[in-house]
Amino acid sequence: MGKRIVIASDSFKGSASSKEVGTYISEGIRSLYPDYETKIFAIADGGEGTVDAILDVNHGEKVTVCVQGPLGTPVNASYAIIDDGKTAVLEMASASGITLIAPESLNVMQASTYGTGQLIKDALEHGVERIYIGIGGSATNDGGLGMASALGVRFFDSHQQELAATAENLGKIADLDASAIRDSCRSVELHILSDVTNPLCGDNGATAVYGPQKGATVDLIAVLDEGLANFAEVIKRRLQKDIKDIPGAGAAGGLGAGLMAFLDGKLERGIDKILEMIHIEEDIKQADLVITGEGRMDGQSINGKAPIGIAAIAQKYHVPTVAIVGSRSLDLDDVYHQGIAGVFDVVNRPMSLEEAMADTRTLVASASRNLISLFGTLTK
């Protein structure tokens, strides 16, 4: 009798989308067991791919808008409208993401979330009642300054001169005017989808932890951290909101703080909400096996990543979960303790990263055949 297999892998960044990885896994399974039923879900945790994952199983439309990219170059960014026009699902990475900038062009002092604000504004103009915004994969460290500016918030220095909404001006802000945003966003619920719990400032804050990957040197880290602290003080004084130490305020270079301060955003664990929105639990409940995965699995995978969220659901129904990954660390004890029964990496011979990425389909399908052959033998 054929088995039911739920396939729900995160993307292998740079080589295959979530849906593509799922398709390759299914191909491997069905090459050995054509009678097995496979159900593929596109998965994301709030970063790239979130909009497509939601639209894959929800009736709705994709809206594409030309917005300002992180360094000012126009980019086409998309978001989803579902629930008969009541809900918008955004991913900041499509407007202000680090993948939109060549590594040699990273400029953390100039990178802005302005385009993310433009996306939010467009969703508001569509009359939505609630917005879910995934904030993974940012190129920015501006505290949401650009986002707020795009929605009409104005920032001033100590001489009441208006400031450009870039990270280099965070330390100069002495006052702000948020009257425009209060009027336009009063009735909208905003939900922030993130697996990050860092505060805005300090040794565990937005800049110290994530700044280096965005091009921040040691000297710039100190400047930006002081700037974000100043920004938080002005917000506290003018808006009566103390967001500096709230867990998640440091997500996406402080965009979490900006969304909390200016839009009353509520932080939610991204993967949990997305799994709920794609209605995966009922299929897992009826499955004989769940196959998940991601580009690299290591000790950090337990921190709000897709495979662990999926395994948590499967554990409720005593369905085994295994992972197919691009690469893995040697120490995965924490992953196993979270419900992943086995991890199969796709690299089957000595090869460079470039070779592996170019041959993703074949490698994933081969690992899938290996996995399902073992499963089929054990469950006969």
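**Entry 1: a starting point**

Which residue in strand 5 does I81 stand opposite? I looked up this pair before anything else. I found that I81 faces A88 of strand 5. I note that I am working with a predicted model. I then examined the two strands concerned: strand 4 and strand 5 run antiparallel and are joined by 3 bridges.

**Entry 2: the sheet**

I next traced the sheet. It is an open sheet of 6 strands, and I read the order as 3-4-5-6-9-10, with mixed pairing. I asked myself which strands stand at the edges. They are strand 3 and strand 10 (266-269); each has a single partner strand, so one side of each is left without a neighbour in the sheet. I also recorded the twist, which averages 25° from one strand to the next.

**Entry 3: strand 6 and its partners**

I followed strand 6 on both sides. With strand 5, strand 6 runs parallel, and 5 bridges join the two. Here I located T87, whose bridge partner in strand 6 is R130. With strand 9, strand 6 again pairs in the parallel sense, over 5 bridges. For I133, I found the bridge partner I192 in strand 9.

I then asked whether the residues of strand 6 are buried or exposed. Of its 5 residues, 5 are buried, and I entered the strand as mostly covered. The cover extends to both faces: R130, Y132 and G134 are buried on one side, and I131 and I133 are buried on the other.

**Entry 4: helix 9**

I looked for a helix against this part of the sheet. Helix 9 (residues 251-263) lies across strand 6 (130-134), strand 9 (189-194) and strand 10. I noted that helix 9 runs at about 160° to strand 9.

**Entry 5: helix 2**

I turned to helix 2, which spans residues 50-57, and asked which of its residues are buried. I listed T50, V51, A53 and I54. Why do they fall on the same side of helix 2? They do so because they cover an arc of only 165° around the axis. I then checked what these buried residues pack against, and found strand 3 (60-68), strand 4 (74-82), strand 5 (87-91) and helix 10 (270-277).

**Entry 6: the domains**

Finally, I looked up how the protein chain is divided. Domain 1 comprises 4-43 + 279-379, and domain 2 comprises 58-270. I recorded that the C-alpha centres of domain 1 and domain 2 lie 33 Å apart.

Terms used. Residues numbered from 1 in each chain as written. Predicted model: local features only at pLDDT ≥ 70, side-chain atom pairs only at ≥ 80, totals over all residues. Heavy atoms only, no water. Buried < 20%, exposed > 50% of the residue type's maximum accessible area, 1.4 Å probe, protein only. Helix = DSSP H or I, 4+ residues; strand = E, 2+ residues; numbered from the N terminus. Arc of directions from axis to C-beta. Contact = heavy atoms within 4.5 Å. Domains from an automatic or database assignment. Pairing = 2+ DSSP bridges. Axes fitted to C-alpha atoms, helices over the stretch in contact; angles between N-to-C directions.
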